[in-house]
Each structure stands twice: as structure tokens, then as C-alpha cells.
Amino acid sequence: MTTVSPERLAKIFVEVADTLVDDFDLIEFLQTLTDRAASLVGAGAVGLLLADERGKLEFMAGSDENVTLVELFQLQTDEGPCLEAVRTGRPVINVDLGAAAARWPRFAPRAAAAGFQSVHAFPLRLRSQVIGALNVFGTSLGGHLAEADVPVIQALTDVAAIALLQERAIRRGEVLSEQLQGALNSRVVIEQAKGAVAQSMGLTVDDAFAVIRGYARRHSWKLTDVAHAIVTDPEALARLKES
Amino acid sequence: MEDRSAIITDLITRQAAAHGDRPGFLRGVCGAAAEVLSASGAGISIMTDDGTRGETAASDSACERIEELQFILGEGPCMDAFTSRRPVLVPDLGDPAPDAGGRWPFYTPAASAGGLRAVFAFPLQIGAARLGVLDVFRDRPGPLTAGEFADALTVADVTVAALLDRHVQARDGLVREIDDNNYADGYRAQLFQAQGMVMVQLGVSLAEAMARIRAHAYAQERRLSDVARDIVARRLHFDTDKP
């Protein structure tokens with residue numbers, strides 16, 4: 001049970017809006033957003049999935065990016081709360097994972113085995129379209145949503161949808177499709193960079209991601225730009241290794 | 001969905017089997033793309049990472065002229081799709097708006113004079129590995145349907161795979177199924193991480209790394225997702241001395 005104070009809420013929304021400057025990095029923005037959503041309701045993990053034009057759900061960003069968790073997010077392209085939220089356009093709230101094996105035979109046991117007790121999913125809505133979902137996992141320590149939390153998390157999800165558009169006034173539906181494909185491809189570049197750094201520094205891919213993220217932050221560079229440089233310019237990879 | 005993907009894969013790989021030479025194969029893919037997408041034609045430009053153009057192919061000579069046009073004029077949907085790494089979708093070239101026909105002051109009038117009314121350009125890429133662009137041409141204005149857009153993405157993906165596999169097919173003379181798109185058990189991110197790792201292991205480009213991973217999967221008759229998992233877990237290593 002959480003009760004979010006109005007002050008805390010205002011602070012988070014201002015912070016999120018502040019990040020939406022002209023030239024922001026989408027994946028980094030979505031990471032901040034999932035991070036804040038997690039701390040807001042004391043969730044174990046929060047992730048954001050985008051639906052591609054062929055109906056697959058792709059992991060875009062999360063409050064945590066360990067392999068087990070990313071698999072849990074990704075698994076939902078076949079079944080699970082995110083797929084339901086995308087299909088129905090309605091949030092899925094407070095589902096007890098211990099009692100959800102019949103509803104999601106593959107997803108629920110794996111989520112429970114990863115230490116989560118409850119799960120929620122909020123549709124990422126853009127006008128009449130649902131383009132993805134925000135996924136919230138609760139543990140025994142927190143993440144059960146009170147009634148008042150639901151519109152708050154949905155509002156954060158709606159902000160994520162706005163960020164995806166990047167261009168403030170979109171005249172044509174085509175631009176959304178272009179943006180979405182661009183965002184999905186950026187995510188692929190980050191995975192490629194994780195692999196390159198893991199190999200060159202002898203790290204796990206999880207640790208490699210922390211290294212890339214830290215390096216981008218220290219230099220105030222965009223995560224996507226750093227990832228791109230790592231996989232296209234051997235010198236950029238060497239510089240990161242030395243740093 | 002799965003059926004469409006299988007039909008398109010079959011159509012493209014048959015072009016690969018039918019044409020031993022790359023220009024013939026690319027021309028065949030353009031014809032297949034035009035057929036699948038109810039287009040009047042299609043063109044493919046192979047490009048290197050610095051934007052230098054390699055070979056160009058098109059479904060017929062009229063489309064070849066339109067494809068060539070953008071390199072003569074130095075602007076066009078193909079170049080924009082390559083640079084932005086996103087699809088460029090212009091359903092009405094006659095629309096003078098800056099995100100439609102007005103985007104290209106020289107290309108638009110010249111292409112319109114050649115009978116072009118709508119153009120849709122799709123990057124041939126996997127993350128940061130870019131091979132070129134597929135242009136879809138129509139002699140009538142109007143958007144791609146959601147189904148056609150999804151099909152176009154599939155055509156682009158399968159073409160990328162076929163381009164990476166060219167040398168394997170030339171040697172084996174067959175196309176074996178290695179792509180399983182298995183999201184649930186071996187999440188796709190792992191394949192891209194493996195690509196980054198092999199790039200560093202072999203000191204090759206990202207595209208070449210994917211070609212090597214695919215060649216290994218063919219040779220060992222294994223699924224790509226299994227090969228990727230072994231690479232990330234460091235059970236499988238690509239050495240420079242063992243090509």
C-alpha cells in the first residue's frame with residue numbers, strides 16, 4: 001500500500017518534464033521514468049515495452065536491466081499482463097502472481113520464481129492507438145497499488161507516450177511509425193554495444209551496460225550516441241576501456 | 001502474422017536461390033517487394049556506413065531511374081532513411097509540407113515527373129549495422145495499410161538476412177531455416193549482444209559479425225537463438241585463426 005504525497009508527485013513530474021528538452025535521448029528518458037515509477041510506489045522493478053508494427057512486444061527500458069528481468073519483460077510478447085494491457089487498452093492491476101498460473105502459465109511461475117509477488121501493466125496510449133505498456137512488479141516489500149496510485153502511474157505512462165513522439169505536433173500517422181521503428185532500432189544498438197563492451201572488458205552484459213551508462217553520464221553524452229560510437233568506431237571502444 | 005512472414009521469407013529466399021549473382025538477386029528482391037506491397041516498383045541501394053553508395057538495383061528500368069535520381073541530386077527518401085536509421089514514409093509526394101514532398105526541393109519534382117506519387121523507404125539494418133535502403137514506389141498517392149507496413153518491415157529484415165547469407169548460400173546452394181524469432185526462451189536481445197561480442201572477438205564490422213554468427217548456425221545446423229546464448233555465456237568463441 002502506498003500513498004504518494006502531492007509534493008513528491010509534483011517533483012517527479014517537473015523532473016520528467018525537464019528531461020523532455022529539444023534534444024533528449026529517448027531510451028535514457030524512459031529509464032529515468034521507469035526508475036521514478038518504481039521508487040514512487042516502492043515496486044521491485046518497472047519496465048517499458050513497445051509494440052512493433054508486427055505485434056511483437058520489445059523491451060525498451062527498465063528501472064533494472066538484469067538478464068532475468070529483461071526475459072520476464074520480453075516473455076510477454078506471448079502472454080502476460082503487458083500483452084493484455086496492449087490488447088484491451090486497459091490497465092491490469094494488482095494481480096497476485098502466486099494465483100495467476102492458470103491465466104499466464106509460462107509468465108506467472110517465472111515471475112514468481114524471480115521473487116515478485118504482484119504485477120501490473122498500464123497501456124501506453126496515443127490517441128486511439130496502444131503502442132506498448134508499462135510493467136510494474138511488486139515484491140513483499142512493496143509495489144501493491146492503492147486505488148489512488150493507479151491514475152498516477154497511468155499519468156507517468158502517458159508522459160512516456162508523449163516522449164515517444166518527440167515532435168510536438170504530429171500531422172501524420174506515418175511520423176509515429178517512423179519514430180517507433182527508430183526507437184526500436186536504438187534499443188538494438190544498445191544491446192550490440194553491451195556485447196562489445198562485455199567482450200572487450202571481460203564483463204557480463206549486465207555490468208557492461210552499467211559501464212556504458214556511467215560513461216555516458218559522466219560525459220553528459222546521450223546513451224544512444226555512446227552506444228552507437230562503441231559499435232561503429234573501434235577508437236571509441238578503446239577510449240571507454242581506458243576511462 | 002506468422003504466415004505472412006513465412007510467405008515473404010519464402011519469396012525473398014527464392015530470389016536468392018534463383019539468382020547466383022548479387023545484382024540479379026537484388027533485382028529479384030525488388031520485384032518481390034513490389035508484388036507483396038502492391039507497389040508499382042521498388043529499388044535497393046547498397047550503401048557503406050559513411051553513406052557511399054554501392055550497387056543499385058530496381059524492379060524495372062523506370063524505377064531504376066528514380067532510384068538513381070536521388071544520388072544525382074544528392075537528396076531523397078533513401079538517403080534520409082539511411083541517415084536517420086528510420087523508415088521515411090511519404091504517402092503523397094504532391095503534399096508540399098516539409099515532412100512530405102516539400103522535404104526534397106529537387107528530388108520531388110523530378111520523381112513526380114517520372115510518375116512517382118508515393119514513396120516509402122526502409123533502412124536495411126540491424127541496429128548500428130547498415131547495409132543500405134529499400135525504396136518502395138507507387139504511382140498512386142495513399143498510405144501503406146498497417147498490414148503492408150508490417151510486410152515491408154519483414155521484406156527489409158529478410159533482405160538483410162539474405163544479404164548477410166549470400167556467401168553461405170553460394171557455397172551450400174540451399175537456404176536452411178535458422179531464424180526462429182524465439183522471444184520467449186532466448187530473447188532476441190541476446191542475438192544482438194552476441195553480435196557485439198563477435199565483432200570484438202574477430203575485429204570485424206558489426207554486419208560481418210552477424211554474417212559469421214549466421215554462417216556458424218548454418219554450418220552446425222543450429223538455431224540462431226541457441227548459438228547466441230552460447231556466445232553470450234562464453235561457451236562459444238569466434239577466433240580469428242578459425243574463419
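A residue counts as buried when its relative accessible area is under 20%. By that yardstick, B:Cys30 is buried in this predicted model, since its relative accessible area is 0%. A:Cys82 is likewise buried, again with a value of 0%.

The cysteines invite a further look. A disulfide is a covalent link between the sulfur atoms of two cysteines. Over all chains, the structure holds 0 disulfides. For B:Cys30, the closest cysteine sulfur belongs to B:Cys63 and lies 8.3 Å away, which is too far for a bond. The cut-off applied to such a pair of sulfur atoms is 2.5 Å, so the 8.3 Å between B:Cys30 and B:Cys63 leaves B:Cys30 without a bond to B:Cys63.

Turning to the fold of chain B, 10 helices and 5 strands are found. Chain B has 243 residues, of which 56% count as buried. Among the contacts in chain B with a separation of 6 or more, 61% are between residues 24 or more positions apart.

The two chains meet in a contact that draws 42 residues from chain B and 44 residues from chain A. About 3600 Å² is buried between them, with carbon and sulfur atoms giving 55% of that area. As for polar links across the contact, 12 residue pairs are in polar contact, both partners being at pLDDT 80 or more. The count of salt bridges between chain B and chain A is 1. This salt bridge joins A:Glu58 to B:Arg188, with 2.7 Å between the closest N and O atoms.

On the chain B side, the elements giving two or more residues to the contact are strand S3 (88-90), strand S4 (118-126), helix H6 (146-164) and helix H8 (189-202). Helix H8 of chain B gives the most, with 9 residues. By residue type, the side of chain B that touches chain A divides into 23 nonpolar, 9 polar and 10 charged residues.

From the chain A side, A:Asn185 offers a handy close-up. This residue is found in helix H7 of chain A, which spans residues 173-201. Leaving aside residues up to four places away in sequence, A:Asn185 touches B:Arg85, B:Gln125, B:Ile126 and B:Gly127. A:Asn185 counts as buried because its relative accessibility is 10%, a value under the 20% limit.

Conventions: Residues are numbered from 1 along each chain as its sequence is written. Chains are lettered from A and ligands numbered from 1 in the order in which they are written. This is a predicted model: local features need pLDDT of at least 70, side-chain atom pairs count only at pLDDT 80 or more; totals for chains, interfaces and linings use all residues. Side-chain values use heavy atoms; hydrogens and water are left out. Buried means under 20% relative accessible area, exposed over 50%, partly exposed in between (1.4 Å probe, protein chains only). Contact means heavy atoms within 4.5 Å. Buried area is the accessible area (1.4 Å probe) that two parts lose on being put together, summed over both. A salt bridge is a side-chain nitrogen of Lys or Arg within 4 Å of a carboxyl oxygen of Asp or Glu. A polar contact is a pair of N or O atoms within 3.5 Å; within protein, one must be able to donate a hydrogen and the other to accept it, and residues adjacent in sequence count only if both atoms are side-chain atoms. Helices (H or I, at least four residues) and strands (E, at least two) are DSSP runs, numbered from the N terminus. Ala, Val, Leu, Ile, Met, Phe, Trp, Tyr, Cys and Pro count as nonpolar, Asp, Glu, Lys and Arg as charged, and the others, Gly among them, as polar.
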